[in-house]
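Grab a pencil and get ready to look around a protein chain. Work through each task on your own before you read its solution.

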Amino acid sequence: MIHTAQADSYRDLSTVHQEICRSIRHALRRDGNELADRPDAVDELTAQACAVFDEVITAVARSEPLDTVTVNGTAAPACGDDHPRRGLDWAHSLRAGTTLFEVMLPMVLRELAPANEAAATRISVVLHQAVLSRVTRGSLARMTFLPDRALASRRDERRHIARELHDRVLHGIGLALQGIDMHQYHAETSPALARAKLDRAAGLLRQTAHTLQHFTSELRRSVGEGGLERALRSYLEAHADPAVEVAVRTKGNLLALPANVSEEVYLILREAARNALRHASPSRLDITVEVTDRVLHATVTDDGCGFQVGSLPVGGGLPSMRERAQLLCGQLSLSSAPSVGTVVEAWIPLGGRSL
């Protein structure tokens, strides 16, 4: 049996963790797992692999029962506890868990050097349990996470509609009503001024009706038969200032995307484009969408004013965009800097929705 002090020494050997990270990355690329193209997800998986290594070393050294694997006396966190914020869908990651087990087993056996077959079998069982517990707990966490996030996304959309109606439609109607009141006030004493007030009120109502038409059209718009690319181009034609140079580039068969994926991705990209057009004052806006058999990768890039990412107000469009991506078992990232511009990227797994 290995003493606890000896087991603790393994966690001080950063070279072992580095080897684990290299092996996990190599295995993902070898197996063609789409995680290999998602740096944040790869970092998360390799971190979990290192944690699994520590758990197994500790459990075997202390001869702990197999149902209470702990690290330093504290229950180890499951991948699923953090995966909703990081975009790792452990409910669909059995393949990644299998890869982790296959990579870890020879390393753990090498480090622990079991004296006989029975000891080797116990090590294998402990490793299997450590991996499986993370997959299971992650799945349970996501069962509550997805409905909550779906509800939150719908609430955010309703709040956005309420703001649009108040700020753009009701405001215009209010100004028009003021103009009509002023027309009535000046009708007898100053007919020319009264007429000017009425003409202005009519102009405001026409402008408000035009705004409401665009707004209701946007609410009704879905990807439809034209596909994701046509929906994006339609939105930009209706909302982008002519002074902004806009480009939409696609690669792969976007028309083959499942309807729910196309709709959610459209809403993500529309929100990113809308934020750029309204707040960044860009001279150029680029949207790219690339689809393969395994993943959809989309970017929205602008050359606008940019901002410090940590300064974003809570409750803006970014949380809703991230939640939509996570509902598709995907991931969304944002990078920006003042005077540099902003890039929003989304990765959505396809082909069986495996991790």
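Here are three exercises on cores and salt bridges, each with a worked solution.

A quick note on the ground rules: this is a predicted model, where local features need pLDDT of at least 70 and side-chain atom pairs count only at pLDDT 80 or more, while totals for chains, interfaces and linings use all residues. Residues are numbered from 1 along each chain as its sequence is written, and side-chain values use heavy atoms, with hydrogens and water left out.

**Exercise 1. The largest core**

Find out how many residues the largest nonpolar core has, and which element gives the most to it.

*Step 1.* Get the term straight: a nonpolar core is a set of buried Ala, Val, Leu, Ile, Met, Phe, Trp, Tyr and Cys residues joined through side-chain atoms within 4.5 Å. Buried means under 20% relative accessible area, exposed over 50%, and partly exposed in between (1.4 Å probe, protein chains only).

*Step 2.* The largest such core has 36 residues, and Leu228, Ile287, Val289 and Leu296 have the most contacts inside it.

*Step 3.* Elements giving two or more residues to this core include helix H8 (227-239), helix H9 (259-280), strand S4 (284-291) and strand S5 (295-302). Helices and strands here are DSSP runs numbered from the N terminus (helices H or I, at least four residues; strands E, at least two).

*Step 4.* H9 gives the most, with nine residues. There's also a second, separate core of 28 residues, which includes Leu45, Ala59, Leu100 and Val103.

**Exercise 2. A bridge inside a helix**

Work out where Asp199 and Arg195 lie, and whether each is exposed or partly exposed.

*Step 1.* A salt bridge is a side-chain nitrogen of Lys or Arg within 4 Å of a carboxyl oxygen of Asp or Glu. Asp199 and Arg195 meet in one, at 3.4 Å, N to O.

*Step 2.* Both sit in helix H7 (residues 191-220), four residues apart, about one turn of the helix.

*Step 3.* Asp199 counts as partly exposed because its relative accessibility is 40%. Arg195 is at 51%, so it counts as exposed.

**Exercise 3. A network**

Trace which residues are linked with Glu245 in a network of salt bridges.

*Step 1.* Glu245 pairs with Arg284, with the closest N and O atoms 2.5 Å apart. That joins strand S3 (residues 245-251) to strand S4, across 39 residues.

*Step 2.* Arg249 and Asp286 form a salt bridge too, at 3.0 Å, N to O. Arg249 is in S3 and Asp286 in S4, 37 residues apart.

*Step 3.* Asp286 is buried, at 13% relative accessible area, whereas Arg249 is partly exposed, at 44%.

*Step 4.* Put together, Glu245, Arg249, Arg284 and Asp286 are linked in a network of salt bridges.
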